[in-house]
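Reader: Got a minute to walk me through this one? I'd like to start with the sheets and then get to the ligand.

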Amino acid sequence: MKNMDLNNLLSQMTIDEKIGQLVQFVRAFYSDDKNGEITGPLNELNITEDVIWNSGSVLGSDNAEDMIEIQKRYLEKNRLKIPLLFMADVIHGFRTVFPIPLAIGCTWDMELAKKSAEIAAKEAALSGTNVTFSPMVDLVRDPRWGRVIETTGEDPYLNGLFATAFVQGYQGNMTDEYNIAACVKHFAGYGASEAGREYNTVDMSERNLRENYLPSYKAAVDAGVELVMTSFNTVNGIPSTGNSYLMRDILRKEWGFKGIVISDWAAVQELIPHGVAKDGKEAAKKAIEAGVDIEMMTSNYVNNLRELIEKEKIKMELLDEAALRILELKNKLGLFENPYRTANAQKAEEAYLCKEHREIAREVAYKSFVLLKNNNILPFSKEKNVAIIGPFAKNNRILGPWSVQGKEEEAVNFLEGIQNKIGREKVVTVEGGGINCEDKSNFAEAIEAAQKADVVILALGEDQDMSGEAGSRAYITLPGVQEELAKEIFKIGKPTAVVLFNGRPLEMTSWYKEAPAILEAWFPGSETGNALADVLFGDVNPSGRLTMSIPYTVGQIPVYYNCYNTGRPKNEGTEGNRFLSQYIDIPNEPLYHFGYGLSYTEYSYGDIDLNKTVMKYNEKITAKIKVKNIGKMAGIETVQLYIRDITASTVRPIKELKGFKKIYLEPNEEKQVTFEIGEDMLKFYNSECNYLSEKGKFEIMIGHDCKNVKGAEFELI
Ligand code: GLC
């Protein structure tokens with residue numbers, strides 16, 4: 001339908017039909033449940049059935065049959081035959097479940113991330129979903145917060161690249177039958193919830209917000225994301241969902257966003273408990289004036305907007321522009337021509353977990369694992385007898401807390417993967433007690449199994465419901481008696497590798513020294529067992545690199561690599577000086593830092609070679625460095641470029657990631673890696689929030705991770 005037809009359609013709509021487009025409820029409201037379910041939820045929201053048949057979108061489509069049935073029934077009842085939009089949380093895969101986004105981040109592989117989103121989009125589109133509430137791009141520095149699982153970590157530059165890759169993967173050019181609209185979330189700054197406590201206050205300087213928290217949302221907007229979701233939290237005293245500075249001044253005016261803004265679940269209603277709206281009417285007024293187009297799962301718009309307009313408390317234009325944006329997205333998706341798009345149950349079943357999709361899921365998984373420690377015991381030989389001990393030995397709860405459409409039974413668990421690799425007869429498992437209980441009754445059996453085996457794998461971690469939304473933890477250690485189990489197994493002295501299943505960086509301080517090897521696996525998804533077997537038995541050389549610091553202890557939080565130096569930095573040579581920025585009882589450094597990850601081989605770096613050390617504003621500097629594989633196994637090295645602005649009008653981080661290159665090296669192979677450094681890489685927000693670079697000295701650091709780097713200096717003049 002052409003745009004002028006949309007304006008014509010809008011002109012035919014009654015005010016109630018326009019308001020209806022701004023409404024979104026879950027699928028249950030549309031279901032044909034003989035128990036009158038459709039009236040049950042309606043009562044809670046004080047709405048009548050006609051609201052349902054005027055509503056604009058549905059939350060939670062997950063299969064083609066339902067979507068087709070709901071759409072057909074809806075179109076029979078909707079006066080102007082305006083089709084429904086179907087939206088769902090497709091966060092890291094649909095039925096083929098990829099690793100959690102925090103793990104995908106550790107691949108540092110944008111093409112692979114994009115491919116995972118394309119596959120998710122295809123399976124979702126075949127299942128009748130038109131919009132995904134993904135990517136979640138909130139920058140995080142606090143692993144107590146459960147939703148770190150959904151993001152790609154602590155760096156604004158890297159998060160921006162992943163945001164772009166995911167949006168491109170889901171949306172393509174929005175013309176392909178398997179493209180779906182993406183919704184970047186949660187705008188803005190949700191990851192900075194105080195103390196890592198879910199739904200808590202966010203309060204920071206605008207400079208920090210712009211420097212660290214906004215870039216990834218902007219990257220999604222620049223990539224053409226169709227929707228933006230508001231966050232639950234306040235931003236400097238005003239909840240995002242009622243914050244017109246965020247949504248009209250920054251998102252729409254500064255960034256030029258023309259798509260749909262949707263509230264998070266009940267976030268319009270929550271303006272009341274936040275204390276910025278006295279009732280639903282004021283909540284509706286504040287939200288639509290701030291720029292929220294769709295109210296998710298509450299009924300303040302439908303119960304108040306008509307009166308607010310009739311009493312001229314708000315302008316009709318606000319309603320028209322919101323309704324038109326929703327019609328435009330439906331038009332872009334071709335729903336007016338074909339309300340069912342590619343929904344097709346049979347094709348969906350053929351696509352789910354097909355060979356190609358499983359292969360990509362396996363590749364993403366084994367590239368997301370981060371080898372944290374290895375006292376030369378990995379990889380294991382395939383000839384060895386293996387004991388897998390711990391609650392994740394054959395646990396299928398390995399998809400992560402946001403794998404909404406995934407089915408645990410379809411995942412390859414740890415035991416199955418190891419058996420696929422080395423045969424059934426060489427593997428025994430002992431769960432050794434639950435994930436989060438005090439039961440040690442299986443310890444003896446576990447110890448006996450370890451004593452009999454050649455090598456031991458400790459499969460430990462958090463249950464997936466211990467992270468994700470509303471999954472904040474104040475203590476981020478291995479739950480239950482898992483640490484005690486690990487220490488008992490370490491005492492036996494067999495080659496033992498700890499494999500961690502978790503949705504956040506965990507505190508490992510009490511046991512990591514005794515662990516001969518540690519592999520961080522996160523929640524690896526549908527191909528967990530096969531991917532782990534690939535790495536543990538050496539068919540794949542681990543290449544994952546951390547994108548979120550693993551703290552030495554929870555007392556260190558927030559701990560992140562791109563911190564400021566302070567006036568009394570604790571540097572080499574200051575040992576013994578009390579009066580430094582430090583703790584008297586723990587180190588400043590995290591246990592494992594940003595960009596870190598071991599390999600089965602070793603890489604050596606030459607010195608940085610700069611083509612010049614003085615750069616004018618319109619020039620670039622070329623930095624070259626040689627990297628050699630000095631080990632015995634081929635591998636993928638992620639060469640990282642960091643820059644430090646040594647002196648500026650505001651303090652600047654001790655280093656910031658500004659680029660990286662992934663290179664494949666055979667044993668003894670050496671490659672030269674080149675980075676072009678331009679003035680745009682040197683810009684930052686000064687104290688007036690102007691985005692600019694300043695003359696002066698800069699340090700370049702290139703290396704394996706944020707600590708192991710070679711350095712050089714140049715000056716911008
Ligand atoms: C949830 C989440 C959001 C999700 C939405 C719809 O509360 O905060 O990320 O997309 O509701 O399920």
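Reader: OK, what order do the strands take in the eight-stranded open sheet?

Author: It's a predicted model, to be clear. The order is β9-β6-β5-β4-β3-β2-β1-β10, and the pairing is parallel.

Reader: And which strands sit at the edges?

Author: β9, residues 260-262, and β10, residues 295-296. Each of those pairs on one side only.

Reader: How many bridges join β6 to β9?

Author: Three, with the two strands running parallel; β6 covers residues 227-230. If you want a spot to click on, Val 228 stands opposite Val 261 in β9.

Reader: Which helix lies across β5 and β6?

Author: That's α10, residues 215-222. Helix α10 runs at about 160° to β5, which spans 181-187.

Reader: Switching to the six-stranded open sheet: is the pairing parallel, antiparallel or mixed?

Author: Mixed, and the strand order there is β11-β16-β15-β14-β12-β13. β11 (370-374) and β13 (427-430) are the edge strands, each pairing on one side only. From one strand to the next, the twist averages 20°.

Reader: What about β15 and β16, how many bridges join them?

Author: Four bridges, and the strands run parallel. β15 is residues 496-501 and β16 is residues 517-520. As an example, Val 499 has Leu 519 in β16 as its bridge partner.

Reader: Good. Now the ligand: which residues surround it?

Author: Going along the chain, you've got Asp 89, Phe 133, Arg 147, Lys 185, His 186, Met 229, Phe 232, Asp 264, Trp 265, Met 296, Trp 402 and Glu 469.

Reader: How does that shell split by class?

Author: Six nonpolar, five charged and one polar.

Reader: Let's talk polar atoms. How far is a ligand oxygen from an N or O atom in the Asp 89 side chain?

Author: 2.5 Å for Asp 89. The His 186 side chain also has an N or O atom 2.7 Å from an oxygen atom of the ligand.

Reader: And Glu 469, how far is its polar side-chain atom from a ligand oxygen?

Author: That one lies 3.1 Å away.

Reader: So what percentage of the ligand's exposed area does the protein bury?

Author: 93%, out of the 310 Å² that the ligand exposes when taken alone.

Reader: Nice. Do any of the strands we went through supply shell residues? Say, what's in β6 and β5?

Author: Met 229 is in the shell, and β6 runs over residues 227-230. Lys 185 and His 186 are in the shell too, and β5 covers 181-187.

Key
Residues are numbered from 1 along each chain as its sequence is written. This is a predicted model: local features need pLDDT of at least 70, side-chain atom pairs count only at pLDDT 80 or more; totals for chains, interfaces and linings use all residues. Side-chain values use heavy atoms; hydrogens and water are left out. A residue is near a molecule or strand if one of its heavy atoms lies within 4 Å of it. A polar contact is a pair of N or O atoms within 3.5 Å; within protein, one must be able to donate a hydrogen and the other to accept it, and residues adjacent in sequence count only if both atoms are side-chain atoms. Accessible areas come from the Shrake-Rupley method with a 1.4 Å probe; for residues, only the protein chains shown count as cover. Ala, Val, Leu, Ile, Met, Phe, Trp, Tyr, Cys and Pro count as nonpolar, Asp, Glu, Lys and Arg as charged, and the others, Gly among them, as polar. Two strands pair if DSSP finds at least two bridges between them. Contact means heavy atoms within 4.5 Å. Axes are lines fitted to C-alpha atoms, for helices over the stretch in contact, and angles run from 0 to 180 degrees between N-to-C directions.
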